[in-house]
Amino acid sequence: MKQKTGYQCTECGASAAKWSGQCADCGAWNTLQETLLSRRETRAARPARAAIEVAADVAMASEPRTATGISELDRVLGGGLVTGSVVLLGGDPGIGKSTLLLQTLASLAASLKTLYLTGEESLQQVTLRAARLELPVERLRLLSETCVEQILETCRADRPQALVIDSIQTLYSESLQSAPGSVSQVRECAAQLVRFAKQSHTALFLVGHVTKEGTLAGPRVLEHMVDTVLYFEGDPGSRFRVIRAVKNRFGTVNELGVFAMGERGLQEVSNPSALFLSQHSQPVSGSAIMVTRHGTRPLLVEAQALVDGSHLGNPRRVTLGLEQNRLSMLLAVLHRHAGIAMYDQDVFVNVVGGVRISETAADLAVLCAVYSSFRDQPLRGQTAIFGEVGLAGEIRPVPFGRERLAEARKHGFTRAILPIANAPRKAPSDVEILAAERLGDVIEAL
Ligand code: TYD
Ligand code: MG
């Protein structure tokens, strides 16, 4: 049966019977998109009244999790793949989404019935890649199809336990006329697949392409339909890839999984601290090592600063991997509480390795890097730094001080600058601890 379709404005949500270039309600241009008007089969199946339940009576089964065999992926998923969960994997073309999921499915195939749906590449291309990656091809089950109704029909009969859709933008539903990849098609196909996954307890991976603006195509419509949203990122020039959870109903966000793309596909990097430190043969000015935390693990990351005399009335404050306003604020604190003025200096700060730092524990290290560049004096070798800087010039404690210090020791750092409230009661023998109370103390010690 053909379903009725209409048009809906993506800006204001007004509906219209016919397409037009401008929304009659809000006046926005090119925002009318085809949508499904009625969904007769679900309406008929619905019971007359929905039942209200008390939370205490709801049966609580802990979510069964399956290890994917790729521990960096398990980490971002919150400790393995949850049965019946829907995971959206977004990323730029060519970053390695297909490679990662092919490797994951091949590994899962040892314990689960899996199916890899390819809408972009041919079966031959996928098989060739699997063979090159030396994956067990006899266990890989593939399907090449783009009509979502057909796919669901096949899956209902086949009952896979883990299903990969590569990619959601190539699918189309027969009930809509718009082209595959359009917002309404993406939304409709994803909705049907999510419903299937929930009913059949299939673990579902959806691959989604990122648009030029950096959002998943189908402006965020997919993000709230799924349980977990993962982004696969990396510097195109480097072989390292970072996978990050931006939403997870079954675990924490901010976890990082780190991979290196090599000859044999994606390899896990289990000790990523070493990766975000650049190797200098001798100490250089403007470089400071901070101990940040991503999810459940501490990470050593290098902050680099360059301070240079400015000829502009409004000197430049440029940051990469760090919030720019935070830098402006830190420079103001540096002026006010340590007497070091930067109003005639351009300040550039870069976080090495393409990591994005959002926690305030990086403050102190950033200021140390800036100060070191300003004075053109390297910090003494092997110093790890963490601590938040307050507007009153105080160094505030940060969570997980002990773990951060332990990570620095593990990597052979011999000196640590940290907030006084994070200082261990008994100083370890192998690290010289500089417990700072005020920013002035740190600048003096440098
Ligand atoms: P792919 O998984 O096809 O990316 P996506 O699905 O996100 O578009 O990854 C393709 C890139 O990865 C391609 O540029 C080549 C590189 N690559 C390797 O370097 N080594 C490998 O073993 C494989 C399979 C891919
Ligand atoms: Mg691909």
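Which element gives the most to the shell around ligand 1? In this predicted model, that element is α3, which contributes three residues to the shell. Helix α3 (97-108) is joined by α4 (123-132) and β13 (256-262), each of which supplies at least two residues of the shell around ligand 1. Of the 16 residues around the ligand, those that come nearest are G94, K97, S98, T99 and G262, and the shell as a whole is made up of four nonpolar, six polar and six charged residues.

Several polar atoms of the protein are placed beside oxygen atoms of ligand 1. A polar side-chain atom of S98 lies 2.6 Å from an oxygen atom of the ligand, and a polar side-chain atom of T99 likewise lies 2.6 Å from a ligand oxygen atom, whereas for G94 a backbone N or O atom lies 2.7 Å from an oxygen atom of ligand 1. The protein covers 72% of the 560 Å² of accessible area that ligand 1 has on its own.

A further part of the model concerns strand β18 and its partners. Because five of the seven residues of β18 (residues 345-351) are buried, this strand is largely enclosed by the rest of the structure. Strand β16 (residues 297-309) pairs with β18 in the antiparallel sense over seven bridges, with V349 of β18 as the bridge partner of A305. Strand β17 (residues 317-320) runs parallel to β18 and is joined to it by four bridges, and here T319 stands opposite V349. Together with helix α7 (residues 324-338), strands β17 and β18 make a β-α-β unit that is left-handed.

Notes. Residues numbered from 1 in each chain as written. Chains lettered and ligands numbered in written order. Predicted model: local features only at pLDDT ≥ 70, side-chain atom pairs only at ≥ 80, totals over all residues. Heavy atoms only, no water. Near = heavy atom within 4 Å. Polar contact = N/O pair within 3.5 Å; in protein donor to acceptor, adjacent residues only side chain to side chain. Areas by Shrake-Rupley, 256 points an atom, 1.4 Å probe, with all protein chains shown as cover. Nonpolar A, V, L, I, M, F, W, Y, C, P; charged D, E, K, R; others polar. Buried < 20%, exposed > 50% of the residue type's maximum accessible area, 1.4 Å probe, protein only. Pairing = 2+ DSSP bridges. Right-handed = clockwise from strand over helix to strand, strands pointing away.
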